[in-house]
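Work through the exercises below with the model open in your viewer. Each task is followed by a solution in steps.

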Amino acid sequence: MPGALPPGPRQPSWVQTLGWWARPIAFLERCRSRYGKRFTIRLLAAPPFVMLSDPEQIKELFKAPPEVLHPGEGARILEPVVGRNSILLLDEAAHIEQRKLMLPAFHGESMERLSDLMREVAEREVAAWPRGEPIQLHPRLQALTLEVILRAVFGLDPGRRLDGLRDRLTAILEFGARPASMIPALQQGLGGRGPWARFVRLREEADALLFELIDERRGDGGDRDDVLAMLLAAHHEDGSPMSPSELRDELMTLLVAGHETTASELAWAFERLARSPEVVDRLLEEVEADDGDAYLTATVQETLRRRPVLPNAAPRLVKEPAEIGGWTYPPDVCLVANAYLLHHDPEIYPDPYAFRPERFLEDPPGTYTWIPFGGGRRRCLGASFATLEMKIVLRAVLAVNELRPDRGGLELTRRRNITLSPGRGASTVLRRRPVAAAVGG
Ligand code: HEM
């Protein structure tokens with residue numbers, strides 16, 4: 001049947017939308033048990049989403065030519081925050097050009113140079129966390145990851161500009177968590193007093209500080225290791241530097257893409273570790289033996305497998321008929337690599353619901369079986385940055401604290417905009433680790 005899509009739930013799209021937003025994990029699991037690894041869901045005000053969770057099909061999806069699939073088009077709702085030059089919104093040649101400009105800033109070597117700064121920020125923040133009572137780690141991790149981005153990506157030094165941007169950007173990100181406030185049409189008639197008007201004002205104030213920063217940094221020719229320094233040194237193919245608005249848009253993009261994702265992933269790491277004392281013991285042994293960080297890396301990988309904060313890669317809008325896994329998809333359908341289902345496929349990961357970092361010691365993550373950072377030419381630019389930061393924060397916390405969950409049972413999943421985070425905010429009791437067992441940062 002030309003144009004037919006793989007079968008999926010038949011409920012009205014508002015019912016499917018409710019499941020997808022309110023109980024995403026249960027909804028996805030139910031669809032898989034009924035329809036298999038490939039199914040179609042229908043959400044309100046969106047093209048049909050075909051969910052793929054077979055590694056061979058995901059490989060074909062990630063390798064499809066850029067003119068056939070457009071992930072950028074579906075991200076337009078972010079434009080008021082990230083701006084029209086954002087790598088997230090672009091496709092084809094324009095996307096490739098922007099990605100080439102940004103890639104060097106995220107290479108392993110550039111990342112290593114940021115680790116001292118990340119460690120300093122992490123240790124200072126963690127030292128202020130209260131002990132002996134249940135606390136929500138998630139909001140504290142949001143503050144920590146915001147500080148890391150402002151210092152290591154924006155290259156801000158402590159002072160007036162950092163404080164001004166921290167306040168305004170926090171408020172701007174809160175708008176992102178309430179999508180309705182981002183739609184100007186819904187705000188008409190509020191006479192410049194509604195949330196949209198407030199958002200525009202905050203954005204203007206943040207932009208003024210950002211353009212001032214860019215201008216100053218362009219002039220000082222300084223020798224710094226932050227991501228902005230690498231972007232200032234980048235050149236288009238015709239030799240021209242990135243314009244101030246391109247720089248502004250990509251800084252905002254890195255903030256939006258890298259802040260809440262890393263904070264939620266760290267929150268899951270602590271939610272798991274508080275319930276897995278044997279994993280914590282092994283992490284401590286590794287540090288005490290001064291024996292590399294293989295188990296720490298595996299712990300981060302296992303957290304990303306078990307709790308991918310983005311349950312799927314960016315939906316790819318079909319522009320020309322695309323054949324994947326023997327099915328030909330027509331234009332105007334979105335193909336979606338589903339990380340959550342792939343990561344919980346017992347044929348790939350035996351005992352998939354167990355939290356067991358050892359599985360990645362035996363078998364490193366595969367390109368098409370472990371996709372918390374998506375894949376192909378859209379793969380997360382900040383994957384090394386996020387992994388490094390997670391390792392540093394885990395060490396900084398475990399070095400001085402023992403973790404206990406606030407009460408029995410797991411934390412359920414809560415959706416915050418597009419990321420999935422622990423329902424009770426990773427509520428944990430910290431206790432000072434006895435000195436003899438304390439480990440170095
Ligand atoms: C644990 C934390 C993170 C997770 C789980 C994550 C996950 C993802 C995913 C799933 C995508 C879409 C990939 C695709 O569709 O194939 C993505 C894209 C992206 N991420 Fe991340 N991310 C994280 C942290 C970061 C950080 C820290 C930064 C930057 C500082 C960052 C920057 C980006 C950018 C720029 C893109 C767009 C790439 C493109 O379209 O070419 N991310 N990320």
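A polar contact is a pair of N or O atoms within 3.5 Å. Keep in mind that this is a predicted model.

**Exercise 1. Polar contacts of the ligand**

Task: Find which residues place a polar atom by an oxygen atom of the ligand, and state the distances.

Solution:
- Step 1. Take Arg-316. A polar atom of its side chain lies 2.8 Å from a ligand oxygen. That is within the 3.5 Å cut-off.
- Step 2. Take Gly-375. Here a polar backbone atom is 3.0 Å from an oxygen atom of the ligand.
- Step 3. Take Arg-378. An N or O atom in its side chain is 3.0 Å from an oxygen atom of the ligand.
- Step 4. Place the shell on the fold. Helix H5 (92-102), helix H12 (244-273) and H17 are the elements that give two or more residues to the shell around the ligand.

**Exercise 2. The shell and the iron atom**

Task: Describe the residues around the ligand, then identify the protein donor of its iron atom.

Solution:
- Step 1. Count the shell. There are 28 residues around the ligand. His-95, Arg-99, Ala-314, Arg-316 and Cys-380 come nearest.
- Step 2. Sort by class. The shell has 15 nonpolar, 7 polar and 6 charged residues.
- Step 3. Rank the elements. H12 gives the most, with 6 residues.
- Step 4. Look for the metal donor. The SG atom of Cys-380 sits at 2.2 Å from the iron, and Cys-380 is the only protein donor. The cut-off for a donor to this metal is 2.8 Å.
- Step 5. Locate Cys-380. This residue is in the loop between helix H16 (358-362) and helix H17 (383-400).

**Exercise 3. Salt bridges**

Task: How many salt bridges does the model hold? Analyse the pairs Arg-217 with Asp-226, Glu-358 with Arg-282, and Asp-293 with Lys-391.

Solution:
- Step 1. Apply the rule: a side-chain nitrogen of Lys or Arg within 4 Å of a carboxyl oxygen of Asp or Glu. The count comes to 27 salt bridges.
- Step 2. Arg-217 and Asp-226 meet at 3.0 Å, N to O. Both Arg-217 and Asp-226 are buried. They belong to a network of salt bridges that links Asp-157, Arg-217, Arg-224 and Asp-226.
- Step 3. Glu-358 and Arg-282 meet at 3.3 Å, N to O. Glu-358 lies in helix H16 and Arg-282 in helix H13 (residues 277-288), so this pair ties together parts 76 residues apart in sequence. Glu-358 is partly exposed, at 21% relative accessibility. Arg-282 is partly exposed too, at 35%.
- Step 4. Asp-293 and Lys-391 have their closest N and O atoms 3.0 Å apart. Asp-293 is in the loop between H13 and helix H14 (294-306), while Lys-391 is in helix H17, so the pair ties together parts 98 residues apart in sequence.
- Step 5. Check burial for this pair. Asp-293 has a relative accessible area of 31%, so Asp-293 is partly exposed. Lys-391 has 17%, so Lys-391 is buried.

**Exercise 4. A histidine in a loop**

Task: Is His-236 buried or exposed? Which side chain does the side chain of His-236 contact?

Solution:
- Step 1. Locate the residue. His-236 is in the loop between helix H11 (227-233) and H12.
- Step 2. Read the accessibility. The value for His-236 is 13%, so His-236 counts as buried. The cut-off for buried is under 20%.
- Step 3. Name the partner. The side chain of His-236 makes a polar contact with the side chain of Glu-246, at 3.0 Å.

**Exercise 5. Sheet and hairpin**

Task: Work out the strand order of the open sheet, then treat the hairpin of E10 and E11.

Solution:
- Step 1. Trace the sheet. Its 5 strands run in the order E1-E2-E8-E5-E3, with mixed pairing. The edges are strand E1 (38-41) and strand E3 (69-70), each pairing on one side only.
- Step 2. Pair E1 with strand E2 (residues 49-52). They run antiparallel and are joined by 4 bridges. Arg-38 stands opposite Leu-52, and Thr-40 opposite Val-50.
- Step 3. Inspect the faces of E1. In a regular strand the side chains alternate between the two faces of the sheet. Arg-38 and Thr-40 are on one side, Phe-39 and Ile-41 on the other, and all are buried.
- Step 4. Turn to the hairpin. Strand E10 (residues 413-416) and strand E11 (residues 419-422) pair antiparallel over 4 bridges. Arg-416 stands opposite Thr-419.
- Step 5. Check the turn. There are 2 residues between E10 and E11, and Asn-417 in the turn has a positive phi of about 55°.

How values were computed: Residues numbered from 1 in each chain as written. Predicted model: local features only at pLDDT ≥ 70, side-chain atom pairs only at ≥ 80, totals over all residues. Heavy atoms only, no water. Donors = N, O, S within 2.8 Å, 3.2 Å for Na, K, Ca; no water. Buried < 20%, exposed > 50% of the residue type's maximum accessible area, 1.4 Å probe, protein only. Near = heavy atom within 4 Å. Polar contact = N/O pair within 3.5 Å; in protein donor to acceptor, adjacent residues only side chain to side chain. Nonpolar A, V, L, I, M, F, W, Y, C, P; charged D, E, K, R; others polar. Pairing = 2+ DSSP bridges.
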